[in-house]
Amino acid sequence: ASAAQGSATAKEGWSSRTAFILAAVGAAVGLGNIWRFPTLAGESGGGAFVLVYIAFVFLLGLPLVLAEITTGKIGQTDAVGSMREVARRSGASTAWSATATVGTVAAFLILSFYSVVAGWVLYYAGVHAIELVNAIGRGDPLGGAFGGPGGESVDEIQSRMGNLFGNWQLLLAMHVGFMGVTWFVVSRGVHSGIEKAATILMPIFFVLLVGITIYGAFTGNFSEATAFLFTADFSKLTPEVINAALGQALFSLSLGVAGLITYGSYIKSKGGLGGTSLTIAFADTGVALIAGLMIFPIVFAAGLDPAGGPTLVFQALPVAFQSMPGGALIGFLFFCLIFVAALTSSVSLLEVPTAWGKGEMKWSRAFSATMFALGAGSLGVLSLLGYNELSGVSPLGFWSIFEGLDILDTIDGFTGKIMLPLGVMLLAIFIGWKADQKMLQAETGLSDGMFKLWRFLVAWLCPIAVGLVLLFGLFPGLI
Ligand code: PFF
């Protein structure tokens, strides 16, 4: 522990390497994998997007994951403080820690709308719980949802989303409920809150994921789904698609929001970080692909449009759950799965500013978590009002790339297209050029050859590639 950061209370930390990996995978795997990835892949035409996304994950994402975790492990405190410590030990300007401030603000902003979307999940889990009870009541526990075939019409099923969006009180209740659970976990601390939630929830998540995917493979249109996801049509590769793939790779790996710096700071053990980073990147990408293989067979079997957009999971799948055998049960389990994934991610989002409040402002954990949960919760209210009372409001509508976007999509776009790329670009420059390379090699535990490769990717490829994507994302007219 560093003497510079003398703290009165015992330092919090993970109880084992496995606990850290579960928590980090829990942070990475979330709505990004199960809601955002299929949505983007569907809208961007499938295979080509998937390929670019995977390339970004391993060439840019993986090196950055290692960079963030290493920063946290060296610093042993909140993200801003950790970067300051790395700078101090490297003889670099401590102003570099401002990079982590960008990330911390981004985490707060993402949390605000993440909880709103997770609220939809909560609502749909409830709807499907009722459907399951109804199916059991009909004496048909393995029947479909919504009365089974011949029950509710497709319009009736799909109108639930519109009804939910039109009802701000309901949206608010779900949002508050989800934020409340997130707050509860975070205020209990790293060991008895975050780690405990991850070690209980992540195994449940994987069982559900594999189970529903196998179910989809047998009952859905698996071959059309694999063709869609893995056949690359490069004519679909526009600058927007490349930009979206980068944004998705960063979002999905929880990069650029200081989340992995924060989680890395709770590592107490020595030992290298290369294998751990690889595990996180593989698990996250694997889950995104499996989620695609879980959702698209169902979408295609029901004859639905893969490019359905953000409502794909909420509007399209329930239609499929009506006619599929066991649909009532699977529908309920499916939304439980997304809920679990979203919770372990929102926990990490709230932990970033909470750790900042503890480390930089010397607040207690409980106070810090409460302040930021209330703050992000309040901001989220604007996002959910954007569907009803404030519909038509487009906060950055004057800016061509945000034109016509509602409040939630604007915050999502601003963080994903600008703040995350900016955050990782600055981090890459700092780690690649300013930080003491001997210290980095010792802390990462990489061999000479691997360290050279890592350093090249962080120092050269990340700033240049991310910088270009950022530039063209901001100024689409350049191409
Ligand atoms: N990686 C999460 C997901 O894919 O849903 C989102 C996220 C969580 C981003 C935590 C950033 C973060 F710190």
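The following paragraphs describe a predicted model, moving from the overall fold to two helices, a loop residue and the ligand shell.

The chain contains 18 helices and zero strands. Its radius of gyration is 22 Å, close to the 23 Å given by the globule rule for 479 residues, so the chain is as compact as a globular protein of that length. Along the principal axes, the C-alpha atoms fill a box of roughly 70 × 50 × 45 Å. Of the 479 residues, 54% count as buried. Contacts across the sequence are prominent in the following sense: among those between residues at least 6 apart, 83% join residues at least 24 apart.

Two helices may be examined by their length. Helix H12 comprises the 28 residues 274–301, which should span 40 Å at 1.5 Å a residue; the C-alpha atoms at its ends are 41 Å apart, and the two values therefore agree. After H12 comes glycine 303, whose phi is positive, near 70°. Helix H15, residues 365–385, has 21 residues and reaches 30 Å from its first C-alpha to its last, close to the 30 Å expected at 1.5 Å a residue.

Helix H15 also shows how burial is distributed around an axis. Its buried residues are Arg365, Ser368, Ala369, Phe372, Ala373, Ala376, Gly377, Gly380, Ser383 and Leu384. These residues cover an arc of only 150° around the axis, which means that they lie on the same side of H15. The general geometry is relevant here: an α-helix has 3.6 residues a turn, so residues three or four places apart point the same way. The buried residues of H15 pack against H5, H7 (168–187), H14 and H16 (407–434), whereas the face turned away from the buried side carries the exposed residues Leu374 and Ser378.

A loop residue illustrates a contact between distant parts of the sequence. Alanine 232 lies in the loop between helix H9 (222–230) and H10. Alanine 232 is partly exposed, because 16 other C-beta atoms lie within 10 Å, a count between the limits of 12 or fewer for exposed and 20 or more for buried. Alanine 232 and alanine 48 are 184 residues apart in sequence, yet 4.2 Å apart in space, C-alpha to C-alpha. Leaving aside residues up to four places away in sequence, alanine 232 touches Gly47, Ala48 and Leu51.

The ligand is surrounded by 16 residues, of which Gly30, Gly32, Ser254, Gly259 and Ser345 come nearest. At least two residues of this shell are supplied by each of H1 (17–28), H2 (31–43), H5 (98–137), H10 (239–252) and H14 (327–361). In composition, the shell divides into eight nonpolar, eight polar and no charged residues.

Definitions and conventions:
Residues numbered from 1 in each chain as written. Predicted model: local features only at pLDDT ≥ 70, side-chain atom pairs only at ≥ 80, totals over all residues. Near = placed C-beta within 6 Å. Helix = DSSP H or I, 4+ residues; strand = E, 2+ residues; numbered from the N terminus. Nonpolar A, V, L, I, M, F, W, Y, C, P; charged D, E, K, R; others polar. Expected span 1.5 Å × (residues − 1). Arc of directions from axis to C-beta. Contact = placed C-beta atoms within 7 Å. Rg over C-alpha atoms; globule rule 2.2 N^0.38 Å.
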